[in-house]
Amino acid sequence: MISAVVHMDEKTPHMHLCFVPLTEDGRLSAKEIVGNKKKLTQWQDRFWEHMVKKYPDLERGESASETGRDHIPPRLFKEAVHLNRRKEQIMAILNDTNPFNKKTKAEELAALLDKYIPGAEAMRTKLRKYDAAYRELTAENAALEKQLGAASKESVRKKLEISQKLGELEELHRMVDALPPEILQAAKRAAAYKAQER
(Lines give C-alpha, C1' and ligand atoms only; values in the text may rest on other atoms or scores of the structure.)
Protein backbone atom coordinates (compact mmCIF):
# COMPACT_ATOMS: atom_id res chain seq x y z
CA MET A 1 0.00 0.00 0.00
CA ILE A 2 1.50 3.34 -1.06
CA SER A 3 -1.24 5.77 -0.09
CA ALA A 4 -4.94 6.05 0.70
CA VAL A 5 -6.37 9.58 0.52
CA VAL A 6 -10.00 10.61 0.94
CA HIS A 7 -10.97 13.32 -1.57
CA MET A 8 -13.78 15.76 -0.86
CA ASP A 9 -13.64 17.54 -4.26
CA GLU A 10 -16.93 16.07 -5.50
CA LYS A 11 -20.42 15.65 -4.06
CA THR A 12 -19.59 12.18 -2.79
CA PRO A 13 -16.41 11.76 -0.75
CA HIS A 14 -14.21 9.09 -2.31
CA MET A 15 -10.86 7.47 -1.74
CA HIS A 16 -7.88 7.32 -4.07
CA LEU A 17 -5.94 4.18 -3.21
CA CYS A 18 -2.45 3.60 -4.59
CA PHE A 19 -0.85 0.18 -4.21
CA VAL A 20 1.56 -2.17 -5.91
CA PRO A 21 -0.15 -5.43 -6.97
CA LEU A 22 2.33 -8.00 -5.64
CA THR A 23 1.38 -11.69 -5.55
CA GLU A 24 2.10 -13.99 -2.58
CA ASP A 25 5.34 -15.09 -4.28
CA GLY A 26 6.49 -11.49 -4.88
CA ARG A 27 5.59 -11.11 -8.56
CA LEU A 28 4.08 -7.92 -9.96
CA SER A 29 0.67 -8.91 -11.39
CA ALA A 30 -2.31 -6.57 -11.60
CA LYS A 31 -4.29 -9.30 -13.36
CA GLU A 32 -3.98 -11.69 -10.41
CA ILE A 33 -4.53 -9.08 -7.70
CA VAL A 34 -7.10 -6.73 -9.21
CA GLY A 35 -8.47 -9.06 -11.84
CA ASN A 36 -11.36 -8.09 -14.05
CA LYS A 37 -14.45 -5.93 -13.51
CA LYS A 38 -16.22 -8.70 -11.56
CA LYS A 39 -13.29 -9.16 -9.18
CA LEU A 40 -13.01 -5.39 -8.66
CA THR A 41 -16.70 -5.30 -7.75
CA GLN A 42 -16.03 -8.08 -5.20
CA TRP A 43 -13.23 -5.95 -3.73
CA GLN A 44 -15.64 -3.05 -3.37
CA ASP A 45 -18.23 -5.34 -1.75
CA ARG A 46 -15.73 -6.68 0.80
CA PHE A 47 -14.46 -3.16 1.54
CA TRP A 48 -18.01 -1.93 2.19
CA GLU A 49 -18.78 -4.95 4.41
CA HIS A 50 -15.65 -4.21 6.45
CA MET A 51 -16.42 -0.48 6.74
CA VAL A 52 -20.10 -0.87 7.64
CA LYS A 53 -19.10 -2.99 10.66
CA LYS A 54 -17.18 -0.04 12.05
CA TYR A 55 -19.56 2.66 10.74
CA PRO A 56 -23.09 1.19 10.73
CA ASP A 57 -24.67 4.38 9.32
CA LEU A 58 -22.50 4.19 6.20
CA GLU A 59 -24.64 4.08 3.07
CA ARG A 60 -23.58 2.57 -0.20
CA GLY A 61 -24.37 3.95 -3.63
CA GLU A 62 -26.21 1.94 -6.22
CA SER A 63 -24.12 0.26 -8.87
CA ALA A 64 -24.76 1.04 -12.52
CA SER A 65 -25.25 -2.69 -13.10
CA GLU A 66 -28.18 -2.61 -10.65
CA THR A 67 -29.78 0.61 -11.86
CA GLY A 68 -29.03 0.04 -15.54
CA ARG A 69 -28.26 3.76 -15.78
CA ASP A 70 -25.49 5.39 -17.74
CA HIS A 71 -23.44 7.39 -15.27
CA ILE A 72 -22.41 10.80 -16.51
CA PRO A 73 -18.67 11.08 -15.96
CA PRO A 74 -17.43 14.00 -13.84
CA ARG A 75 -14.95 14.93 -16.59
CA LEU A 76 -17.92 15.96 -18.74
CA PHE A 77 -19.00 18.49 -16.12
CA LYS A 78 -15.42 19.75 -15.84
CA GLU A 79 -15.26 20.17 -19.62
CA ALA A 80 -18.54 22.09 -19.47
CA VAL A 81 -17.14 24.44 -16.82
CA HIS A 82 -14.09 25.05 -19.04
CA LEU A 83 -16.33 25.76 -22.06
CA ASN A 84 -18.49 28.07 -19.99
CA ARG A 85 -15.42 30.09 -18.98
CA ARG A 86 -14.46 30.43 -22.65
CA LYS A 87 -17.99 31.55 -23.47
CA GLU A 88 -17.77 34.22 -20.75
CA GLN A 89 -14.46 35.42 -22.25
CA ILE A 90 -16.11 35.61 -25.69
CA MET A 91 -19.06 37.58 -24.31
CA ALA A 92 -16.67 39.93 -22.46
CA ILE A 93 -14.80 40.63 -25.72
CA LEU A 94 -18.06 41.28 -27.57
CA ASN A 95 -19.24 43.66 -24.85
CA ASP A 96 -15.89 45.43 -24.74
CA THR A 97 -15.57 45.97 -28.51
CA ASN A 98 -15.79 49.51 -29.88
CA PRO A 99 -14.74 51.22 -33.13
CA PHE A 100 -11.27 51.98 -31.73
CA ASN A 101 -10.32 48.44 -30.71
CA LYS A 102 -12.37 46.54 -33.28
CA LYS A 103 -9.41 44.96 -35.11
CA THR A 104 -7.61 43.82 -31.93
CA LYS A 105 -10.82 42.47 -30.40
CA ALA A 106 -11.69 40.64 -33.64
CA GLU A 107 -8.33 38.85 -33.50
CA GLU A 108 -8.87 37.92 -29.84
CA LEU A 109 -12.39 36.77 -30.64
CA ALA A 110 -11.21 34.65 -33.58
CA ALA A 111 -8.56 32.95 -31.42
CA LEU A 112 -11.11 32.12 -28.72
CA LEU A 113 -13.73 30.97 -31.23
CA ASP A 114 -11.19 28.64 -32.89
CA LYS A 115 -11.03 26.81 -29.56
CA TYR A 116 -14.60 27.28 -28.34
CA ILE A 117 -16.62 26.16 -31.36
CA PRO A 118 -14.96 22.74 -31.79
CA GLY A 119 -15.20 22.22 -28.02
CA ALA A 120 -18.91 23.14 -27.99
CA GLU A 121 -19.61 20.82 -30.92
CA ALA A 122 -17.70 17.99 -29.24
CA MET A 123 -19.69 18.60 -26.05
CA ARG A 124 -22.96 18.50 -28.01
CA THR A 125 -21.93 15.13 -29.49
CA LYS A 126 -20.97 13.76 -26.06
CA LEU A 127 -24.25 14.95 -24.54
CA ARG A 128 -26.25 13.05 -27.17
CA LYS A 129 -24.89 9.83 -25.67
CA TYR A 130 -26.52 10.73 -22.36
CA ASP A 131 -29.88 11.87 -23.76
CA ALA A 132 -31.44 8.47 -22.99
CA ALA A 133 -30.14 8.64 -19.42
CA TYR A 134 -31.51 12.19 -19.19
CA ARG A 135 -34.97 11.06 -20.36
CA GLU A 136 -34.92 8.14 -17.91
CA LEU A 137 -33.93 10.43 -15.04
CA THR A 138 -36.67 12.87 -16.03
CA ALA A 139 -39.27 10.09 -16.03
CA GLU A 140 -37.99 8.73 -12.73
CA ASN A 141 -38.05 12.23 -11.26
CA ALA A 142 -41.69 12.70 -12.35
CA ALA A 143 -42.66 9.34 -10.81
CA LEU A 144 -40.91 10.25 -7.55
CA GLU A 145 -42.72 13.58 -7.42
CA LYS A 146 -46.04 11.69 -7.55
CA GLN A 147 -44.92 9.47 -4.66
CA LEU A 148 -43.49 12.31 -2.60
CA GLY A 149 -46.46 12.53 -0.24
CA ALA A 150 -45.80 9.01 1.09
CA ALA A 151 -42.07 9.00 0.37
CA SER A 152 -39.61 7.63 2.86
CA LYS A 153 -36.34 9.31 3.75
CA GLU A 154 -34.60 7.14 1.15
CA SER A 155 -36.99 8.21 -1.62
CA VAL A 156 -36.48 11.87 -0.77
CA ARG A 157 -32.69 11.41 -0.94
CA LYS A 158 -32.99 9.75 -4.36
CA LYS A 159 -35.29 12.49 -5.62
CA LEU A 160 -32.82 15.16 -4.53
CA GLU A 161 -29.93 13.36 -6.23
CA ILE A 162 -31.92 12.92 -9.44
CA SER A 163 -33.06 16.54 -9.39
CA GLN A 164 -29.47 17.67 -8.97
CA LYS A 165 -28.30 15.54 -11.91
CA LEU A 166 -31.20 16.79 -14.03
CA GLY A 167 -30.27 20.36 -13.16
CA GLU A 168 -26.65 19.71 -14.08
CA LEU A 169 -27.67 18.15 -17.41
CA GLU A 170 -30.06 21.00 -18.20
CA GLU A 171 -27.26 23.48 -17.47
CA LEU A 172 -24.94 21.58 -19.83
CA HIS A 173 -27.57 21.62 -22.59
CA ARG A 174 -28.26 25.34 -22.05
CA MET A 175 -24.56 26.16 -22.15
CA VAL A 176 -23.96 24.28 -25.40
CA ASP A 177 -27.10 25.63 -27.07
CA ALA A 178 -26.44 29.22 -25.92
CA LEU A 179 -23.82 29.94 -28.54
CA PRO A 180 -25.19 33.17 -30.06
CA PRO A 181 -25.65 33.24 -33.86
CA GLU A 182 -23.52 36.40 -34.00
CA ILE A 183 -20.56 34.47 -32.60
CA LEU A 184 -21.01 31.75 -35.19
CA GLN A 185 -21.22 34.37 -37.94
CA ALA A 186 -18.10 36.13 -36.63
CA ALA A 187 -16.25 32.81 -36.49
CA LYS A 188 -17.21 32.00 -40.08
CA ARG A 189 -16.10 35.46 -41.26
CA ALA A 190 -12.83 35.15 -39.35
CA ALA A 191 -12.18 31.70 -40.85
CA ALA A 192 -12.95 33.00 -44.35
CA TYR A 193 -10.67 35.98 -43.77
CA LYS A 194 -7.85 33.70 -42.61
CA ALA A 195 -8.33 31.50 -45.69
CA GLN A 196 -8.05 34.58 -47.95
CA GLU A 197 -4.86 35.69 -46.21
CA ARG A 198 -3.18 32.37 -46.98
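What share of the 198 residues in the protein chain do buried residues make up? In this predicted model, buried residues account for 21% of the 198 residues. With that figure in mind, the reader may follow the chain from its general plan to its details.

The protein chain contains eight helices and two strands. Read along the sequence, the order of these elements is β-β-α-α-α-α-α-α-α-α. The chain also brings distant parts of its sequence together: among its contacts with a separation of 6 or more, 52% are between residues 24 or more positions apart.

Helix α4 is a suitable place to begin a closer reading. This helix covers residues 74–96, 23 residues in total, and reaches 33 Å from its first C-alpha to its last, close to the 33 Å expected at 1.5 Å a residue. Several of its residues are buried, namely L76, F77, A80, L83, R86, K87, I90 and I93. A general property of helices helps in reading such a list. An α-helix has 3.6 residues a turn, so residues three or four places apart point the same way.

One of these buried residues, I90, leads into the interior. The largest nonpolar core has 24 residues, and of these I90 and L113 touch the most other members. The elements that contribute two or more residues to this core are α4, α5, α6 (131–147), α7 and α8. Helix α5 gives the most, with eight residues. When neighbours within four places in sequence are left aside, I90 is in contact with L109, L112, L113, Y116 and I183. In soluble globular proteins, nonpolar side chains tend to be buried together.

Helix α5 deserves attention in its own right, and two of its residues show how burial can vary along a helix. K105 is located in helix α5, and A106 also lies in helix α5. Is K105 buried or exposed? The limit for a buried residue is a relative accessible area under 20%. K105 has a relative accessible area of 14% and is therefore buried. Its contacts, apart from neighbours within four places in sequence, are with I93, D96 and T97. A106 has a relative accessibility of 42%, so this residue counts as partly exposed.

A106 also leads to a pocket. The second largest pocket has a volume of about 490 Å³. Of the 18 residues that line this pocket, the closest to its centre are K103, A106, E107, A110 and A190. The elements that give two or more residues to the lining are α4, α5 (102–129) and α8 (181–197). The largest share of the lining, eight residues, comes from α5. By character, the lining residues divide into nine nonpolar, one polar and eight charged. Two of the residues closest to the centre of the pocket, A106 and A190, are 84 residues apart in sequence, yet 8.0 Å apart in space, C-alpha to C-alpha.

A further pair of residues can be considered in the same manner. A178 is found in the loop between α7 (153–177) and α8. With a relative accessible area of 32%, A178 is partly exposed. A178 and N84 are 94 residues apart in sequence, and their C-alpha atoms are 10.0 Å apart in space.

Technical notes: Residues are numbered from 1 along each chain as its sequence is written. This is a predicted model: local features need pLDDT of at least 70, side-chain atom pairs count only at pLDDT 80 or more; totals for chains, interfaces and linings use all residues. Side-chain values use heavy atoms; hydrogens and water are left out. Helices (H or I, at least four residues) and strands (E, at least two) are DSSP runs, numbered from the N terminus. The expected span of a helix is 1.5 Å times one less than its number of residues. Buried means under 20% relative accessible area, exposed over 50%, partly exposed in between (1.4 Å probe, protein chains only). On a 1 Å grid over the protein atoms alone, a cavity is a set of points where a 1.4 Å probe fits but cannot get out, and a pocket is an open set with protein on both sides within 12 Å along at least five of seven lines; lining residues have an atom within 4 Å of a point. Grid points are joined across faces, edges and corners, and a volume is the space filled by probe spheres set on the points. Ala, Val, Leu, Ile, Met, Phe, Trp, Tyr, Cys and Pro count as nonpolar, Asp, Glu, Lys and Arg as charged, and the others, Gly among them, as polar. A nonpolar core is a set of buried Ala, Val, Leu, Ile, Met, Phe, Trp, Tyr and Cys residues joined through side-chain atoms within 4.5 Å. Contact means heavy atoms within 4.5 Å.
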